[in-house]
Amino acid sequence: MKKMAMALYELMYRIADGLAITMLVVMVLSVFTNVIFRFFYMAFPWVDEVSRLAFVWMSFMAIASGLRIGLHPAFDALSERCQGVNGKILQTAIDVLIVVFLLFLLKGGIDYVSKVYVQKTSILVISVAWQYAAVPVATVMMLLEMVRQLVCIWTPVELEEA
């Protein structure tokens, strides 16, 4: 069961990384294409909406992946001085504060998506909710990561057999 949960966890982050990379490519290619065509006085009106959608999804997937590998600012100066149980308590307090923030972000994201789902984009004529759905999706990923980190703080490290 634990191996299957870890496999699903790894799959979730592989999908997030792939989505972030795909959105970066979509954003760069669409904007670059529009720049080239503007040189010939033929701009595409859909590029702004596509690049904005791609940018939002890329950003939130990258934020979730960054949290997983520890790229965000941390209280290293304070954390390095606290060892043992005090360090675990400090790290737990920091992680709990992050979870509280993420819960507020999740509620706000869900509320916002539920309010704007009826609005359509002007060119692509898709629901605006597709763009803003990146917030609750990434927030759920970050909450799962924070729960994993909290469990890892207080669980002894298991050595895998070779």
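A residue counts as buried under 20% relative accessible area, as exposed over 50%, and as partly exposed in between. The exercises below apply to a predicted model.

**Exercise 1. Determine whether Trp154 is buried, partly exposed or exposed, and state which residues it contacts.**

Solution.
1. Trp154 is located in helix H6.
2. Its relative accessible area is 44%. Since this value lies between 20% and 50%, Trp154 is partly exposed.
3. When neighbours within four places in sequence are left aside, the contacts of Trp154 are Lys88, Ile89 and Thr92.
4. One of these, Ile89, lies 65 residues from Trp154 along the chain, and the C-alpha atoms of the two are separated by 9.4 Å.

**Exercise 2. Carry out the corresponding analysis for Asn34: is the residue buried or exposed, and what does it touch?**

Solution.
1. Asn34 belongs to helix H1.
2. The relative accessible area of Asn34 is 3%. Because this is under 20%, Asn34 is buried.
3. Not counting residues up to four places away in sequence, Asn34 touches Ala43, Phe44 and Val47.

**Exercise 3. Describe how helices H1 and H6 are arranged with respect to each other.**

Solution.
1. Two packed helices are described by the angle between their axes and by the distance between those axes.
2. Helix H1 covers residues 2-39 and helix H6 covers residues 134-154; their axes come within 12 Å and cross at roughly 140°.
3. H1 is therefore oblique to H6, as an angle over 145 degrees would be needed for roughly antiparallel.
4. The crossing in which H1 passes H6 is left-handed.
5. On the H1 side, Tyr9, Met12, Tyr13 and Ala16 take part in the contact, and they meet Met141, Leu144, Glu145 and Arg148 of H6.
6. Sorted by class, this contact of H1 with H6 holds six nonpolar residues, two charged residues and no polar ones.

**Exercise 4. Characterise the chain as a whole by its elements, its dimensions and its contacts.**

Solution.
1. The chain has six helices and zero strands, and from the N terminus on its elements run α-α-α-α-α-α.
2. The C-alpha trace spans about 65 × 40 × 35 Å along its principal axes.
3. The radius of gyration of the chain is 20 Å, whereas a compact globule of 162 residues would have one near 15 Å.
4. Of the 162 residues, 31% count as buried.
5. Among contacts with a separation of 6 or more, 71% are between residues 24 or more positions apart.

Definitions and conventions:
Residues are numbered from 1 along each chain as its sequence is written. This is a predicted model: local features need pLDDT of at least 70, side-chain atom pairs count only at pLDDT 80 or more; totals for chains, interfaces and linings use all residues. Side-chain values use heavy atoms; hydrogens and water are left out. Axes are lines fitted to C-alpha atoms, for helices over the stretch in contact, and angles run from 0 to 180 degrees between N-to-C directions. Helices (H or I, at least four residues) and strands (E, at least two) are DSSP runs, numbered from the N terminus. Angles under 35 degrees count as roughly parallel, over 145 as roughly antiparallel, 65 to 115 as roughly perpendicular and the rest as oblique. A crossing is left-handed if the near helix is turned anticlockwise from the far one by less than a right angle, and right-handed if clockwise. Contact means heavy atoms within 4.5 Å. Ala, Val, Leu, Ile, Met, Phe, Trp, Tyr, Cys and Pro count as nonpolar, Asp, Glu, Lys and Arg as charged, and the others, Gly among them, as polar. The radius of gyration is taken over C-alpha atoms; the globule rule is 2.2 Å times the number of residues to the power 0.38. Buried means under 20% relative accessible area, exposed over 50%, partly exposed in between (1.4 Å probe, protein chains only).
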